[in-house]
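Before going through the chain piece by piece, it helps to settle how the parts will be described. The paragraphs below move from the overall layout to the core, and then to individual side-chain pairings.

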Amino acid sequence: GIGYRTPGFDPYLAFLRDSVFLKFNTRAYHNAEEKWMVCADVLSVLHKLLQHYEPESSHFVDDRTPEHSQKPPGYTIMLHLLNESQTFQKIMYVIHAGAHYVVHPVKMSIAGQKALERSV
């Protein structure tokens, strides 16, 4: 039989946010700079989704009818950023890491430096 899956983009966004971004700094990587590459790539996707989001009043109504149940991905990201969610806290971690790197540079490959800069 067919398993239950929420239709739309939400499951993919939740995977990207919860399983990739929120855990990027706790995983073991072959090369240390790969962690910043993962972070930069995920943030690039989130940024693109936010850039293309145009808020509408219908997005802010808690309506469970089929035509209103699917909110745009940008709405979901915005909601996570405007609350003290794990996503917001992880972005603050990235900013802190970038600021710390500027003040106390560590030896890192050029690729790692560029990925960290893209993340911040």
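Two residues are said to be in contact when they have heavy atoms within 4.5 Å. With that in hand, and keeping in mind that this is a predicted model, one can ask of the contacts in the protein chain with a separation of 6 or more what share comes from residues 24 or more positions apart. The answer is 61%. The protein chain holds six helices and zero strands, and its elements, read from the N terminus on, run α-α-α-α-α-α. Of the 120 residues in the protein chain, 31% are buried.

The interior is a good place to continue. In soluble globular proteins, nonpolar side chains tend to be buried together. Here the largest nonpolar core has 18 residues, and those with the most contacts inside it are Phe21, Trp36, Cys39, Leu43, Leu46 and Val94. At least two residues of this core come from each of helix 1 (10-21), helix 2 (33-51), helix 5 (86-103) and helix 6 (110-119), and helix 2 gives the most, with five residues.

Helix 2 therefore deserves a look of its own, since its 19 residues, at 1.5 Å a residue, should span 27 Å, and its end C-alpha atoms are indeed 27 Å apart. Its buried residues are Glu33, Lys35, Trp36, Cys39, Ala40, Val42, Leu43 and Leu46, a list in which charged residues, Glu33 and Lys35, stand beside nonpolar ones such as Leu43. An α-helix has 3.6 residues a turn, so residues three or four places apart point the same way. The buried positions Trp36, Cys39, Leu43 and Leu46 can be followed along helix 2 with that spacing in mind.

Which residues does Phe21 reach once its neighbours within four places in sequence are set aside? Phe21 is in contact with Leu16, Cys39, Val42, Leu43, Thr87, Lys90, Ile91 and Val94. Phe21 also belongs to a cluster in which ring pairs link Phe21, Phe24, Trp36 and Tyr93. One of these rings, that of Tyr93, has the charged end of Lys90 sitting over it, 5.4 Å from its centre.

The structure holds five aromatic pairs. One of them is formed by Phe60 and Tyr75, whose ring centres are 5.4 Å apart and whose planes stand at 75 degrees, so the pair is edge-to-face, the cut-off for that class being over 60 degrees. The pair links distant parts of the chain, with Phe60 in the loop between helix 2 and helix 3 (66-69), Tyr75 in helix 4 (residues 73-82), and their positions 15 residues apart. The two partners differ in burial, because Phe60 is partly exposed at a relative accessible area of 48%, whereas Tyr75 is buried at 12%. Tyr75 has a further neighbour in Lys71, which lies over the face of the ring at 5.6 Å from the ring centre.

Turning to charged pairs, the count comes to two salt bridges. In one, Asp18 is joined to Arg17, the closest N and O atoms being 2.9 Å apart; Arg17 counts as buried because its relative accessibility is 11%, while Asp18, at 31%, is partly exposed. In the other, the side chains of Arg118 and Asp41 meet at 2.8 Å, N to O. This second pair links distant parts of the chain, with Arg118 in helix 6 and Asp41 in helix 2, 77 residues apart. Asp41 counts as partly exposed, because its relative accessibility is 42%.

Helix 6 also contains Gly112. Is this glycine buried or exposed? Gly112 counts as buried because its relative accessibility is 0%, and the limit for burial is under 20%. Leaving out residues up to four places away in sequence, Gly112 touches Glu33 and Trp36, both of which are among the buried residues of helix 2. Gly112 and Asn31 are 81 residues apart in sequence, yet their C-alpha atoms are 9.0 Å apart in space.

A last residue to find is His96, which lies in helix 5 and counts as exposed because its relative accessibility is 55%. The C-alpha atoms of His96 and Val120 are separated by 8.9 Å, although the two residues are 24 residues apart along the chain.

Note on methods. Residues numbered from 1 in each chain as written. Predicted model: local features only at pLDDT ≥ 70, side-chain atom pairs only at ≥ 80, totals over all residues. Heavy atoms only, no water. Core = buried A, V, L, I, M, F, W, Y, C linked by side-chain atoms within 4.5 Å. Buried < 20%, exposed > 50% of the residue type's maximum accessible area, 1.4 Å probe, protein only. Helix = DSSP H or I, 4+ residues; strand = E, 2+ residues; numbered from the N terminus. Salt bridge = Lys/Arg side-chain N within 4 Å of Asp/Glu carboxyl O. Expected span 1.5 Å × (residues − 1). Phe/Tyr/Trp six-rings, centres within 6.5 Å; stacked < 30°, edge-to-face > 60°. Lys NZ or Arg CZ within 6 Å of the ring centre and 35° of its normal.
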